[in-house]
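Biologist: I should like to learn how to read the features of a structural model one at a time. May we begin with the surface and then move inwards?

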Amino acid sequence: METAQRMRSFHTSVFMDLHALKQEYEQKSGKSALDFSLGSPNIAPESSIMDVLSKAVLVPKNYRYAINPLPSMIKAIQDWYQKRYDVFLESDEIALLQGSQEALINIPLIFCDPLDGVLVPDPYYPAYIDAPKLAGATILYMPLRKENEYLIDFDQISENDRKNAKIMIVCYPNNPTGAIAPDSFYTRLIQFAKENDILVLYDNAYSELVFEGKPGKSFLSFPGAKEVGVELNSFSKTYGMAGARLGVLVGNKDVIHQYKILKSNMDYGVFLPIQYAGIQALKHGGASIVKTREEYERRRDLLIQRFANSGWTIPKSAATMFLWAPIPACYENSLEFSKQLLKQCGIIVTPGLSFGKEGERYVRIALVVNEEQIEEAAKRIQEARSSLF
Ligand SMILES: Cc1ncc(COP(=O)(O)O)c(C=O)c1O
C-alpha cells in the first residue's frame with residue numbers, strides 16, 4: 001500500500017534499536033533494565049482524583065458524547081488561572097483538550113499553508129516538528145544553547161525566518177533541557193511576536209514542576225500575551241494523569257474560535273469522568289502538586305549526587321522531570337553513548353539526537369523511577385565506570 005508523500009518524513013524511532021539492546025541485556029544479566037527514557041510519570045494521581053474518576057465511570061449518563069466541555073470544568077479552569085497566575089479568562093478563551101499534544105498537532109494545521117514557517121526550538125519536544133511536517137510547513141530551527149541558558153536568542157533569528165514564520169513554539173519550563181525563562185524573556189517574546197506578526201504557541205506543560213521554591217509562570221500573565229498567542233497546559237505531569245487525557249488551550253479568542261471549529265470536525269470532546277477528575281484536581285489537587293514536585297526534586301538531587309561519584313557530572317535542571325546530561329567526550333554522539341549505557345548497565349536514556357541537532361552531545365534522563373532504582377543505576381554505573389567513561 002503506497003503511503004502519502006507526507007509519511008516519508010516519518011520514521012520508526014530510535015527506541016526500536018534500544019528495545020533490542022534492552023532484551024539482550026536482560027537475557028544476559030538476568031537483571032531488569034532501568035528505564036529513564038519516556039517522560040511518563042510514575043507518580044499516581046492523588047487518591048481523591050482517582051475516587052472521583054472511578055465513581056463517575058459507573059454513572060451511565062457519563063458515556064454520552066461530550067461535544068461541549070462541562071460548564072463546571074470551564075469554571076474550574078477560570079478559577080485556577082485566576083488564583084494561580086492572576087490571569088482572567090473569558091469562557092471563549094478556553095478550549096478543553098484530550099491532552100495538550102492534541103493542540104500541538106492541530107494549531108499548525110489550522111494556521112499554516114504549505115511552506116509557511118514554524119519557528120521551533122532545537123532541542124525540541126518531538127511533536128513540535130511532527131505537526132509542521134503534517135501541515136507541509138517549513139520548520140525554522142532556533143538553537144537553544146547552554147551558553148545562552150537554553151533561551152531562544154531572538155537576535156539570531158534571520159530576517160528571512162522572521163518574514164516566513166507564522167507560528168513560534170516556545171516551551172519553558174523546557175523539555176528536554178529543564179531550563180526556565182526570566183520575566184524579561186516573556187516581554188521580549190511578546191514584543192518579537194508583535195513586530196513580526198507571529199502567533200506564539202506557548203507550551204506550559206511543566207508549569208508546576210519548577211524547583212528551589214521558584215514560582216511557575218503563565219505566558220498569559222505578561223502584558224500583551226493574549227494579543228499574540230495561546231498557552232497549553234496539561235494534567236499529565238502536574239497531577240500524574242498522563243493516560244487520562246486532559247489538557248487546556250487558553251488565550252487569544254480568535255485562535256480559540258478557529259481551534260474549536262477544527263475540533264468540532266475531529267472529535268467529540270473529553271470523556272466526562274475524566275472532566276470530573278480534572279475538576280477535582282484543579283479544585284483540590286494543590287497539596288499533591290507540592291508532593292509531586294518535591295519527589296522529582298529529591299530524585300533529581302539524588303541522581304546527580306550518585307552519578308557524580310562515578311565521574312559523570314550532570315547539571316541541575318531548574319524545572320521539569322528531566323535532566324539534560326552531557327555525554328562523555330570519548331563518544332562520537334548521543335546514540336553511541338546511550339547504546340553503551342544500555343549494553344553495559346541496562347540503563348535506558350533518550351539520546352539527545354532524537355530532540356534535534358543541538359542534542360547530539362546530550363542524553364535526556366527522565367526522573368520516572370523511584371529512589372531505590374536510582375541507587376541501583378548509580379551502582380551499575382560505578383561498576384562499569386572504567387569501560388564506560
Ligand atoms: C513539552 C511537552 N509538551 C506537551 C506534552 C504532551 O502532554 P499531554 O499531551 O500528555 O498533555 C509533553 C509530554 O510529554 C511534553 O513533554
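Modeller: Certainly. This is a predicted model. Let us begin with Glu149, which is exposed, because its relative accessible area is 59%, and the cut-off for exposed is over 50%.

Biologist: Where does Glu149 lie in the chain, and what is the value of its phi?

Modeller: Glu149 is in the loop between β4 (138-143) and α6 (159-164). Its phi is near 55 degrees, which is positive although the residue is not a glycine. Tyr150 also has a positive phi, of about 60 degrees, and is likewise not a glycine. Tyr150 belongs to the loop between β4 and α6.

Biologist: Is Tyr150 buried or exposed?

Modeller: Tyr150 is buried, since its relative accessible area is 12% and buried means under 20%.

Biologist: How should I read the peptide bonds that precede prolines in this model?

Modeller: One looks at the omega angle. The bond from Asp122 to Pro123 is cis, with omega near 10 degrees, and Pro123 is located in the loop between β3 (117-122) and α5 (127-135). The bond from Tyr172 to Pro173 is cis too, with omega near 0 degrees. Pro173 sits in the loop between β5 (165-170) and α7 (183-196).

Biologist: Which residues does Ala131 contact, apart from its neighbours within four places in sequence?

Modeller: Ala131, a residue of helix α5, is in contact with Leu104, Ile105 and Pro108 once those neighbours are left aside. Its relative accessibility is 0%, and therefore Ala131 counts as buried. Ala103 is 28 residues away from Ala131 in sequence, yet their C-alpha atoms are 9.5 Å apart in space.

Biologist: Is Glu102 buried or exposed?

Modeller: Glu102 counts as buried because its relative accessibility is 13%. Its place is in helix α4 (residues 101-111). Leaving aside neighbours within four places in sequence, Glu102 contacts Leu97, Tyr259, Lys263 and Asp267.

Biologist: How does one check the length of a helix, taking α13 as the case?

Modeller: One compares an expected span with the distance in the model. For the twelve residues of α13 (residues 334-345), a rise of 1.5 Å a residue gives an expected span of 16 Å; the end C-alpha atoms are 16 Å apart, so the two agree.

Biologist: Which residues of α13 are buried?

Modeller: The buried residues of α13 are Ser334, Phe337, Ser338, Leu341, Leu342 and Cys345. They lie on the same side of α13, because they cover an arc of only 135 degrees around the axis. The elements that cover these buried residues include α1 (15-29), β10 (347-348), β11 (350-351), β12 (362-366) and α14 (371-388).

Biologist: What is found at the two ends of α13?

Modeller: At the N-terminal end, Asn333 acts as a cap: one of its side-chain oxygens lies 3.0 Å from the backbone nitrogen of Leu335. After α13 comes Gly346, whose phi is positive, near 65 degrees.

Biologist: How do I read a sheet?

Modeller: Strands of a sheet pair through backbone hydrogen bonds, either parallel or antiparallel. Here, an open sheet of three strands has the order β9-β12-β11, and the pairing is antiparallel. The edge strands, each paired on one side only, are β9 (322-326) and β11.

Biologist: How many bridges join β9 to β12, and how many join β11 to β12?

Modeller: Five bridges join β9 to β12, and two join β11 to β12. Trp324 stands opposite Arg364 in β12, while Pro351 has Val363 of β12 as its bridge partner.

Biologist: Which way do the residues of β12 point?

Modeller: Tyr362, Arg364 and Ala366 point one way, and Val363 and Ile365 point the other way; all are buried. Thus five of the five residues of β12 are buried.

Biologist: Finally, how are aromatic rings compared?

Modeller: A pair of aromatic rings is described by the distance of the centres and the angle of the planes. This structure holds 22 aromatic pairs. In the pair of Trp80 and Tyr85, the ring centres are 5.4 Å apart and the planes are at 90 degrees, so the pair is edge-to-face. Both Trp80 and Tyr85 are buried.

Biologist: Which residues form an aromatic cluster?

Modeller: One aromatic cluster is formed by Phe154, Tyr172, Phe185, Tyr186, Phe192, Tyr202, Phe219 and Phe222. Tyr172 in this cluster is also the residue whose peptide bond to Pro173 is cis.

Conventions. Residues are numbered from 1 along each chain as its sequence is written. This is a predicted model: local features need pLDDT of at least 70, side-chain atom pairs count only at pLDDT 80 or more; totals for chains, interfaces and linings use all residues. Side-chain values use heavy atoms; hydrogens and water are left out. Helices (H or I, at least four residues) and strands (E, at least two) are DSSP runs, numbered from the N terminus. The expected span of a helix is 1.5 Å times one less than its number of residues. Buried means under 20% relative accessible area, exposed over 50%, partly exposed in between (1.4 Å probe, protein chains only). The arc is that of the directions from the helix axis to the C-beta atoms. Contact means heavy atoms within 4.5 Å. A polar contact is a pair of N or O atoms within 3.5 Å; within protein, one must be able to donate a hydrogen and the other to accept it, and residues adjacent in sequence count only if both atoms are side-chain atoms. Two strands pair if DSSP finds at least two bridges between them. Rings of Phe, Tyr and Trp (its six-membered ring) pair if their centres lie within 6.5 Å; planes under 30 degrees apart count as stacked, over 60 as edge-to-face and the rest as tilted.
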